[in-house]
Amino acid sequence: MSIGLRRGLTTLSCRILQAVLPPALQPWGWAVRYEAASIQDDTEALLFTLDSLSGLLPRAIAAHLLRPFAEGLTIMNLLDGTMRRPRALGILCAIGAALLGIVYMVIAGAPLRYFGINIGALGIGLSMLGMLGHAASADRRWADAAIVTMAGALLATALLGAEVDGAARWVNLAGLAIQPSLILLPVVLVAFARTRSATATTGIVIAAVAMALQPDRAMAGMLALCVAILTVIRRDRHTVIAFAAGVAGFAATLMRADTLPAASYVDQILYSSFDVHAGAGLAVWSGAALMLVPGFVGFSRDPHNRVVYAAFGAAWLAAIVAAALGNYPTPVVGYGGSAIIGYVVSLFALPKLTAVPARMGGRTEDLADRSPSDPDLFVALA
């Protein structure tokens with residue numbers, strides 16, 4: 001074997017080694033290459049390189065074979081971490097549901113500005129959620145005051161809001177019709193689940209009166225279902241009073257005819273979406289299901305806060321059922337920014353973290369995850 005050939009084989013072996021080594025082992029490849037270049041004897045340089053190649057090549061092959069499993073492990077870690085953060089999970093679900101709603105509208109041929117309004121509402125909701133997160137405080141009195149203030153806003157809408165066919169549910173802002181009940185009532189209900197008090201109960205009673213006066217059968221049903229579930233899970237005198245008010249308010253709405261016609265791309269789309277296209281129907285139903293995911297996941301993984309997740313899930317399940325049964329807005333997946341803002345903002349009342357440790361075996365829970373999240377509630381929406 002000639003000298004040139006041996007040096008050539010040394011160089012080729014070094015290049016093969018660097019080509020097969022994963023990024024984490026690349027420094028070894030460069031070290032072998034420099035060491036071989038420093039050896040004057042070509043035979044010794046070739047033997048050194050082949051010996052290094054035989055030693056490092058099995059490690060390189062093993063690293064490449066295990067890479068898919070390592071990536072899967074990372075995905076599982078991310079998934080597990082997301083499941084432990086109900087607000088973060090809710091944000092992902094809100095974005096997914098809103099995008100699926102846009103898919104429906106694209107297939108159904110909705111006006112282009114509808115997409116912009118829904119996306120804008122999602123941005124507003126996320127911004128409000130971010131601001132509320134920074135303004136959070138542990139003073140329950142502020143939460144009680146906020147609940148009463150929001151209930152008062154709902155009552156003011158019933159008395160002074162824009163009226164259509166006998167229903168006063170809207171407020172005109174900059175040419176847009178906003179439905180305050182879709183924004184405020186879910187927040188009020190989830191907040192009440194966390195801070196049941198005499199003041200908060202007063203807020204629920206005011207909200208029930210407001211829903212009866214508007215009248216809004218869908219929102220009154222949301223209130224009644226939510227406080228009924230709270231009464232079953234954790235009964236006390238506050239929830240019993242709220243339940244009585246909710247049932248009375250819902251009964252009052254049933255005694256009045258609801259003559260509002262269905263609005264295009266807003267009402268009656270849960271079933272009609274399949275008439276448009278199978279893809280449109282799948283998008284609408286998938287988006288509606290996504291809205292309930294934070295409630296189900298939190299209820300199953302965080303037993304200490306089940307009453308909160310139950311309230312959240314019941315509120316939005318009631319909104320979806322109402323949209324399926326009558327001419328009421330289909331939340332998030334239908335056109336209309338109020339429900340999108342309301343859904344995102346209501347995530348603020350959910351705990352930041354569940355108390356369930358990560359399921360990765362042998363993994364130590366870090367201090368950040370160990371700290372409980374906002375045990376008390378402050379809703380600064382008013």
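**Salt bridges, pockets and a greasy patch**

Me: What makes Asp42 and Arg7 a salt bridge?
Reply: In this predicted model, the closest N and O atoms of Asp42 and Arg7 are 2.5 Å apart. The rule asks for a side-chain nitrogen of Lys or Arg within 4 Å of a carboxyl oxygen of Asp or Glu. With 2.5 Å between N and O, the Asp42–Arg7 pair passes and gets called a salt bridge.

Me: Why say that this pair ties parts of the chain together?
Reply: Asp42 sits in helix α3 (residues 42–83) and Arg7 in helix α1 (residues 3–20), so the contact links parts that are 35 residues apart in sequence.

Me: And how do you know whether Asp42 is buried or exposed?
Reply: Buried means under 20% relative accessible area. Asp42 has 13%, so buried is the word for it. Its partner Arg7 comes in at 25%. Exposed would need over 50%, and partly exposed is what lies in between, so Arg7 counts as partly exposed.

Me: How many salt bridges does the rule give?
Reply: The count comes to 2. Besides Asp42 with Arg7, the side chains of Arg196 and Asp236 meet at 2.9 Å, N to O. That 2.9 Å again falls within the 4 Å limit, so the name applies.

Me: Where do Arg196 and Asp236 lie?
Reply: In loops: Arg196 is between α7 and α8, while Asp236 is between α9 and α10 (237–254), so this pair ties together parts that are 40 residues apart in sequence. As for accessibility, Arg196 has 16%, which is under the 20% cut-off, so Arg196 is buried. Asp236 has 24%, so Asp236 is partly exposed.

Me: On to the surface. What makes Leu159 count as exposed?
Reply: The bar is over 50% relative accessible area. Leu159, in helix α6, has 59% and therefore clears that bar.

Me: Which residues form a nonpolar patch with Leu159?
Reply: Leu160, Val205, Val209, Leu213 and Ile241 join Leu159 there, with about 550 Å² of accessible area together. Two elements, α6 (140–160) and α8 (198–213), give two or more residues each. Helix α8 gives the most, with 3 residues.

Me: What about holes? How big is the largest pocket?
Reply: Its volume is about 920 Å³. There are 41 lining residues, and the closest to the centre are Trp170, Ala177, Tyr335, Gly336 and Ser338. Several elements give two or more residues to the lining, among them β2 (167–173), β3 (176–178), α7 (180–194) and α14 (337–346). The largest share, 5 residues, comes from α5.

Me: How does the lining of that pocket divide by class?
Reply: It divides into 28 nonpolar, 10 polar and 3 charged residues.

Me: What makes a hole a cavity instead of a pocket?
Reply: In a cavity a 1.4 Å probe fits but cannot get out, whereas a pocket is an open set. The structure holds 1 cavity of 30 Å³ or more. The largest cavity has a volume of about 40 Å³.

Me: Which residues line the largest cavity?
Reply: Arg169, Pro215, Asp216, Arg217, Thr253, Arg256, Ala257, Asp258 and Tyr328 do. By class that lining has 3 nonpolar, 1 polar and 5 charged residues.

Me: What is notable about the backbone at Val332?
Reply: Val332 is not a glycine, yet has a positive phi of about 70°. Val332 lies in the loop between α13 and α14. At 2% relative accessibility, Val332 is under the 20% limit and so counts as buried. Tyr265, also not a glycine, has a positive phi of about 65°. That residue is found in the loop between α10 and α11 (269–276).

Me: Why is Gly120 called partly exposed?
Reply: Gly120, in helix α5, has 31% relative accessibility, so partly exposed is the class. The C-alpha atoms of Gly120 and Ile340 are separated by 9.6 Å, though their positions lie 220 residues apart along the chain in numbering.

Me: And how do you know the class of Cys14?
Reply: Cys14, found in helix α1, has a relative accessible area of 4%, so Cys14 is buried. The C-alpha atoms of Cys14 and Val32, 18 residues apart along the chain, are separated by 7.1 Å.

Methods. Residues are numbered from 1 along each chain as its sequence is written. This is a predicted model: local features need pLDDT of at least 70, side-chain atom pairs count only at pLDDT 80 or more; totals for chains, interfaces and linings use all residues. Side-chain values use heavy atoms; hydrogens and water are left out. Patches are made of residues with over 30% relative accessible area and no salt bridge: like charges are joined within 9 Å, nonpolar side chains (Val, Leu, Ile, Met, Phe, Trp, Tyr) within 5 Å. Accessible areas come from the Shrake-Rupley method with a 1.4 Å probe; for residues, only the protein chains shown count as cover. Helices (H or I, at least four residues) and strands (E, at least two) are DSSP runs, numbered from the N terminus. Buried means under 20% relative accessible area, exposed over 50%, partly exposed in between (1.4 Å probe, protein chains only). On a 1 Å grid over the protein atoms alone, a cavity is a set of points where a 1.4 Å probe fits but cannot get out, and a pocket is an open set with protein on both sides within 12 Å along at least five of seven lines; lining residues have an atom within 4 Å of a point. Grid points are joined across faces, edges and corners, and a volume is the space filled by probe spheres set on the points. Ala, Val, Leu, Ile, Met, Phe, Trp, Tyr, Cys and Pro count as nonpolar, Asp, Glu, Lys and Arg as charged, and the others, Gly among them, as polar.
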